[in-house]
Amino acid sequence: MWFRVTGAMKQAFFPTRCLVCGSFFRNNGQENRSLKTFLRILVNREQGFFGLEGLSQDIDLTKDNVKECLVTDAKIFVELMSPFICAKCSGTYMAVESPLCSTCGVVFESREGEDHDCGECLNTPKRFRMARSAGVYDKVLIAAVHCLKYKEKIQLARPLGVLLFMAFCRYWNKGNLNLIVPIPLHKKKIRSRGFNTSFLLVKEWAFIAKTLNGALPVIPVAEDILVRKRWTEPQTGLGRKERLKNIKNAFDVSDSSKVKGKKILLVDDVYTTGATVNECAKVLMKAGAACVDVLTLARAM
Ligand SMILES: [Zn+2]
Ligand SMILES: [Zn+2]
């Protein structure tokens with residue numbers, strides 16, 4: 001009780017400044033669920049992924065009512081971001097939803113029908129098995145990714161990492177994959193930025209696993225298996241053809257024995273044309289990976 005009062009008082013005197021629009025807003029402490037509650041909702045919603053046998057005692061599914069199970073991704077986004085982004089900004093979030101391309105995950109304009117392969121994937125088969133994303137790279141998600149990547153708002157890594165994890169649970173089964181590989185940056189880039197966004201997001205999964213107390217298999221993250229062997233110009237602003245040329249032969253596998261026979265999940269922040277992840281998948285498959293899937297936080301349309 002005391003914490004709630006102090007939390008409300010703190011909010012009254014020190015409202016939060018929205019990281020996106022810069023306006024001050026009041027973050028209603030009572031409506032603000034803890035991350036643990038979110039994860040409980042998630043476990044409840046994605047029972048096919050978690051199963052019930054692996055749950056620990058302190059994740060009490062009976063506490064979650066049916067209404068909570070039906071919370072949409074868009075609503076979850078608003079709440080997850082509420083300590084940092086105002087509801088008006090975060091309300092522009094769009095989750096990636098079917099119908100989409102079964103391979104590259106592009107969202108079809110028509111909102112009717114089943115998932116199927118898009119023309120692009122049929123014409124030029126991909127080196128990865130499937131790519132999926134959490135949200136559409138638009139408005140608030142563009143702003144959030146920029147805040148994290150270029151303005152060093154590291155506090156966004158946790159809610160965005162949870163968002164990424166939600167997409168993972170939706171599209172993959174527990175035990176389906178055995179290695180997570182974040183798309184690497186060039187050493188020079190790491191030095192100037194100080195961190196790799198993809199690695200930062202996926203690192204949060206260790207926190208999620210800890211919170212869920214054994215309900216989640218810990219998939220090892222290999223930060224150093226894939227390396228950028230040459231400097232590439234940023235892909236931003238380049239067309240599809242230039243992107244392909246720019247990224248060709250940019251990656252290498254440092255130790256193929258660690259890749260051999262592995263079912264790998266490549267993780268990146270944004271999927272634009274897929275040139276980068278496809279090139280990485282090519283290199284990993286050449287090194288003997290059993291299969292490569294792709295998960296990104298955002299999907300450019
Ligand atoms: Zn705002
Ligand atoms: Zn496709």
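Author: Quick ground rule before we start: helices here are DSSP runs of H or I with at least four residues, strands are runs of E with at least two, and both are numbered from the N terminus. Also, this is a predicted model.

Reader: Fine. Which of those elements supply at least two residues each to the lining of the largest cavity?

Author: That would be E3 and H9. Helix H9 gives the most, with five residues.

Reader: What makes a space like that a cavity and not a pocket?

Author: A 1.4 Å probe fits at its points but cannot get out, whereas a pocket is an open set. The largest cavity holds about 80 Å³ of space, and two cavities of 30 Å³ or more are counted.

Reader: What makes a residue part of the lining?

Author: It needs an atom within 4 Å of a point. Among those lining the largest cavity are Arg 45, Asp 73, Ser 133, Leu 163 and Tyr 171. By class, that lining has seven nonpolar, one polar and three charged residues. Tyr counts as nonpolar under the rule, so Tyr 93 and Tyr 171 go into the nonpolar group.

Reader: And the largest pocket, how much space lies in it?

Author: About 770 Å³. It has 34 lining residues, and the closest to its centre are Lys 149, Tyr 150, Gln 235, Thr 236 and Asp 269. H8, H10, H11, H12, E7 and H13 each supply at least two residues of this lining. The classes come to 13 nonpolar, twelve polar and nine charged.

Reader: Now the sheet. In what order do its strands run?

Author: E3-E8-E7-E4, four strands in an open sheet with parallel pairing.

Reader: Why are E3 and E4 said to stand at the edges?

Author: Each has a single partner strand, so one side of E3 (131-136) and one side of E4 (179-182) is left without a neighbour in the sheet. On average, neighbouring strands are turned by 20° against each other, ignoring direction.

Reader: How do you know that E3 and E8 pair?

Author: Pairing takes at least two bridges, and E3 and E8 (residues 291-299) have five, in the parallel sense. That clears the cut-off, so they count as paired. Gly 135, for one, stands opposite Ala 298 in E8.

Reader: Which strands does H9 touch?

Author: Helix H9 (residues 157-171) packs on the sheet and touches E3, E7 and E8, with its direction at about 135° to that of E8. Helix H11 (residues 197-211) lies across E4, E7 and E8, at about 120° to E7.

How values were computed. Residues are numbered from 1 along each chain as its sequence is written. Chains are lettered from A and ligands numbered from 1 in the order in which they are written. This is a predicted model: local features need pLDDT of at least 70, side-chain atom pairs count only at pLDDT 80 or more; totals for chains, interfaces and linings use all residues. Side-chain values use heavy atoms; hydrogens and water are left out. Axes are lines fitted to C-alpha atoms, for helices over the stretch in contact, and angles run from 0 to 180 degrees between N-to-C directions. Contact means heavy atoms within 4.5 Å. On a 1 Å grid over the protein atoms alone, a cavity is a set of points where a 1.4 Å probe fits but cannot get out, and a pocket is an open set with protein on both sides within 12 Å along at least five of seven lines; lining residues have an atom within 4 Å of a point. Grid points are joined across faces, edges and corners, and a volume is the space filled by probe spheres set on the points.
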